[in-house]
Amino acid sequence: MRLLVVEDDPDLNRQITAALEEAGYAVDRAFDGEEGHFLGDTEPYDAIVLDIGLPKMDGISVLEQWRRDGKTTPVLILTARDRWSDKVQGFDAGADDYVPKPFHMEEILARLRALLRRASGHASSELLCGPVRLDTRAGRVTIDGRAVKLTSHEYRLLAYLMHHQGRVVSRTELVEHLYDQDFDRDSNTIEVFVGRLRKKLGADVIQTVRGLGYVLAPPEAA
Ligand code: CA
């Protein structure tokens with residue numbers, strides 16, 4: 001999953017970004033409203049953390065513009081403490097959730113997990129696919145109850161496929177959603193990671209759809 005953080009306070013931006021990367025997300029960052037708007041407009045993020053008080057273009061305007069342009073990406077806004085009007089304006093502008101400052105990082109992480117799973121139609125923080133179970137809260141994967149050790153890139157790839165199970169996901173889509181914009185992107189590496197996941201999870205968990213991409217499907221649907 002790839003996220004965007006738009007926050008002008010450099011320390012806070014760094015803290016949020018570090019926590020999200022630690023949790024296994026690919027993260028891009030912006031420090032003002034214009035840059036944030038541009039990135040959200042041009043890159044396919046899975047969710048966006050958007051501060052309301054931003055230089056050059058305020059967060060509400062950024063959000064309104066995205067929604068006017070038809071962007072449906074889940075957006076979590078950061079509001080000033082005790083500014084109830086921020087929250088009302090934020091929701092009216094198209095926000096999906098908010099966290100007031102100051103906040104505990106755990107709350108941001110939990111709310112983002114909820115937004116991401118709802119956006120892909122899942123209600124539980126544990127995603128299941130046949131024998132594979134992915135606990136998005138703990139970042140843990142088991143197969144038939146046995147813990148499987150994955151690298152952060154393998155986990156990211158599996159988490160994306162688990163969120164979108166039953167649908168064919170192209171390699172381009174995977175590259176766009178697994179790596180941040182500064183990463184040296186190469187769709188061949190996806191093939192390598194799929195190969196490693198198959199070794200760890202079983203050969204038939206991730207299926208190749210020739211010419212189209214990959215699909216993760218439970219055995220009965222395969
Ligand atoms: Ca701010």
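**Hairpins, calcium site and cores in a predicted model**

Reader: How many bridges join β8 to strand β9?

Author: In this predicted model, β8 and β9 (residues 146–148) run antiparallel. They form a hairpin with two residues between them, and in its turn Asp144 has a positive phi of about 50°. The number of bridges joining β8 to β9 is three.

Reader: Which residue of β9 stands opposite Val141?

Author: Val141 belongs to β8, where it is the bridge partner of Leu134. Towards β9, Val141 stands opposite Val148.

Reader: Which residue in the hairpin of β7 and β8 takes a positive phi?

Author: Strands β7 (residues 132–135) and β8 (residues 140–143) run antiparallel and are joined by four bridges. Four residues lie between the two strands of this hairpin. The residue there with a positive phi, near 65°, is Gly139.

Reader: At what distances is the calcium ion coordinated?

Author: The donors come from Asp8 (OD), Asp51 (OD) and Gly53 (O). Along the chain they follow the spacing D-x42-D-x1-G. The calcium ion is coordinated at 2.1 to 2.3 Å.

Reader: How many residues apart in sequence are the parts that Asp8 and Asp51 tie together?

Author: Asp8 sits in the loop between β1 (2–6) and α1 (10–22), while Asp51 is in strand β3 (residues 47–51). The pair therefore ties together parts whose separation in sequence, in residues, is 43.

Reader: Is Asp51 buried or exposed?

Author: Asp8 has 30% relative accessibility and so counts as partly exposed. Buried means under 20% relative accessible area. Asp51 has 4% relative accessibility, so it counts as buried.

Reader: Which helix gives the largest share of the largest nonpolar core?

Author: The largest nonpolar core has 47 residues, and those with the most contacts inside it are Leu20, Leu112, Leu158 and Leu174. This core draws at least three residues from each of domain 1 (2–119) and domain 2 (126–216). Its largest share is seven residues, and they come from helix α6 (residues 152–163).

Reader: Which residues does Leu20 touch, not counting those up to four places away in sequence?

Author: Leu20 is one of the residues with the most contacts inside the largest nonpolar core. Leu112 is also named among them. With residues up to four places away in sequence set aside, Leu20 touches Leu3, Val5, Tyr25, Val27, Leu109 and Leu112.

Reader: How many residues are in the other core, which lies apart from the largest one?

Author: Among the members of this other core are Leu4, Ile60, Trp66 and Ala93. The number of residues in it is 18.

Note on methods. Residues numbered from 1 in each chain as written. Predicted model: local features only at pLDDT ≥ 70, side-chain atom pairs only at ≥ 80, totals over all residues. Heavy atoms only, no water. Donors = N, O, S within 2.8 Å, 3.2 Å for Na, K, Ca; no water. Buried < 20%, exposed > 50% of the residue type's maximum accessible area, 1.4 Å probe, protein only. Core = buried A, V, L, I, M, F, W, Y, C linked by side-chain atoms within 4.5 Å. Domains from an automatic or database assignment. Contact = heavy atoms within 4.5 Å. Pairing = 2+ DSSP bridges.
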